[in-house]
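Morning, everyone. I'll walk you through one structure today, and I'll keep it short. Please have a look at it first.

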Amino acid sequence: MQKVYIFDTTLRDGEQSPGVALNTAEKLEIAAQLASLGVDVIEAGFPIASEGDFNAVQQIARTIQGPIISALARTSKSDIARAWEALKDAKRPRIHTFIATSEIHMQHKLRKTREEVLAAAVEGVAYAKSLCPDVEFSAEDASRSDLDFLCLVLERVIDAGANVVNIPDTVGYANPDEFAEFIRAIRAKTPNIAKAIISVHCHNDLGLAVANSLAAIRAGAQQVECTVNGIGERAGNAAVEELVMALYTRANYYQAETSIVTHEIYRTSTLVSRLTGMFVQQNKAVVGKNAFAHESGIHQDGVLKERTTYEIMNPKLIGIETESIVLGKHSGRHAFHDRMTALGYSLEGQELDAVFFLFKALADRKKDITTADLIALMEEEKKAKALCLLEFLQVTSGTRTVPTATIGLRINGNLYEEAAVGDGPVDAAFKALEKITSGGGVLTNYLIEAISGGMDAQGAVTVTVEFNHRAVIGYGVSPDIIEASVKAYLHAYNRALDVGITTLPLAKVQEA
Ligand code: KIV
Ligand code: ZN
């Protein structure tokens with residue numbers, strides 16, 4: 001079996017998804033989960049891009065054990081020095097430097113000649129190597145580059161010390177057979193290629209990111225770059241869970257394996273979805289809600305007789321447990337603690353008290369508490385430490401009344417209160433919120449869904465709110481959909497405050 005290295009770029013390329021704005025604590029939480037998932041490399045960020053990115057990379061480098069921690073840099077000295085500054089305390093650091101090699105990028109974006117690009121690539125790699133023993137070079141837009149020129153660049157950067165050479169399909173233009181042929185040609189035409197690991201990085205513009213990555217593995221690529229749930233720039237990147245499960249399920253075909261702990265896949269997917277606010281589509285392969293749901297009677301009958309009739313993967317393998325015990329309002333602290341431990345949360349002391357309190361409050365409003373509810377509770381608990389908290393919400397609406405909402409927010413110990421009318425109760429609530437937050441946010445997207453089945457399912461709302469022209473996603477859950485909507489808006493607002501793209505309200509304090 002050939003080993004395939006999993007290079008996860010959820011925290012860098014994934015974070016480039018429109019509307020995603022993770023703070024350092026959230027990035028650390030995702031990085032810790034990626035380490036539990038067993039990825040080989042975590043690309044933690046692009047340190048020159050912002051102070052926030054730098055801090056997150058530095059903290060991940062200092063605290064996350066196990067995987068290689070990588071940071072992105074263009075080929076300029078300042079970018080590379082900044083990446084190294086953030087990375088240098090990692091046990092296993094990697095500098096990842098890149099420059100575009102396609103005519104279209106060199107001419108129109110970089111305005112550089114081939115010679116200039118070649119020189120920049122070699123100088124960048126040599127400088128990175130003088131700082132860090134592990135250096136990766138990416139030829140951006142490689143799949144649209146001239147093969148001979150690309151191979152020349154790869155040869156020279158390997159001579160300059162690159163340990164890994166990455167072949168990105170930056171704009172998702174490649175097709176599987178063609179991309180495999182491209183990788184084979186690179187191997188044939190780059191004389192020193194055996195001295196480096198060949199990596200691929202595929203985007204999903206034509207829905208082919210995973211297929212192209214798998215084809216590249218068949219052609220000799222040893223590392224694949226991917227993200228959890230396939231999030232990323234535009235249509236996203238290759239999805240780690242799909243790649244890993246394809247290699248696992250069809251090991252007989254690919255003759256390749258990864259070090260991924262498959263049982264952690266579902267937990268990782270859920271965490272990333274909740275923290276980024278990027279929903280996983282229901283029919284998404286491997287981790288979508290319907291991935292193991294059998295609707296047709298014939299299929300159900302088959303699965304009941306023998307699971308493998310219609311299931312090529314066991315859901316347990318990716319960490320999806322069918323509900324054995326459903327908790328409810330009579331469940332005690334002990335049963336609750338056991339269930340949370342089984343879900344992978346180690347709750348003790350005050351944290352256990354706080355989450356158990358939320359659980360009891362939810363159980364008063366909802367009969368059966370499912371796994372999805374418990375995971376959502378944990379997220380709500382984390383939000384309880386946010387700067388701006390919902391103190392109260394009162395809404396009137398109906399067929400013959402003007403929808404009105406009154407909202408109280410607790411910010412830094414002070415209560416801010418506003419009322420507004422709107423086209424509907426959610427609109428009224430958002431208008432009241434906008435008044436308190438000084439009208440800074442513009443709602444551009446609103447999505448609601450039930451997080452589990454049944455009449456009493458909780459509503460989960462995802463919103464995109466633009467603050468100073470930067471989109472931020474927020475997520476809120478409650479048995480009451482107006483409360484879920486307000487929580488989602490506040491989540492986005494707190495995140496915008498965290499990353500400094502909005503400020504605290506100037507509205508009058510109503511009560512100390
Ligand atoms: O898509 C791309 O080309 C990239 C590189 C920076 C690796 O993300
Ligand atoms: Zn990319």
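I'll take the strands, then a helix, then the metal site. Keep in mind that this is a predicted model.

Start with the strands. Eight of them, 8 strands in parallel pairing, form a closed barrel. The order is β2-β3-β4-β5-β6-β7-β8-β9. On average, neighbouring strands in this sheet are turned by 25 degrees against each other, ignoring direction. What holds strands together in general? Strands of a sheet pair through backbone hydrogen bonds.

Now zoom in on one pair. β2 and β3 run parallel, and 2 bridges join them. Strand β3 covers residues 41–45. Take Phe7: its bridge partner in β3 is Val41.

Next, a helix. Helix α4 spans residues 103–110 and lies across β5 and β6. Its angle to β5 is about 85 degrees.

Now the metal. Which residues coordinate the zinc ion, ligand 2? They are Asp13, through OD, and His201 and His203, each through NE2. The distances are 2.0 to 2.1 Å. Along the sequence, the donor spacing reads D-x187-H-x1-H. Asp13 sits in the loop between β2 and α1, while His201 is in strand β8, so this pair ties together parts that are 188 residues apart in sequence.

Are these two donors, Asp13 and His201, buried or exposed? The cut-off for buried is under 20% relative accessible area. Asp13 has 2%, so Asp13 counts as buried. His201 has 5%, so His201 is buried too.

That's my tour. Thanks for listening.

How values were computed. Residues are numbered from 1 along each chain as its sequence is written. Chains are lettered from A and ligands numbered from 1 in the order in which they are written. This is a predicted model: local features need pLDDT of at least 70, side-chain atom pairs count only at pLDDT 80 or more; totals for chains, interfaces and linings use all residues. Side-chain values use heavy atoms; hydrogens and water are left out. Donors are N, O and S atoms within 2.8 Å of the metal (3.2 Å for Na, K and Ca); water is not among the atoms, so sites may look incomplete. Helices (H or I, at least four residues) and strands (E, at least two) are DSSP runs, numbered from the N terminus. Buried means under 20% relative accessible area, exposed over 50%, partly exposed in between (1.4 Å probe, protein chains only). Two strands pair if DSSP finds at least two bridges between them. Axes are lines fitted to C-alpha atoms, for helices over the stretch in contact, and angles run from 0 to 180 degrees between N-to-C directions. Contact means heavy atoms within 4.5 Å.
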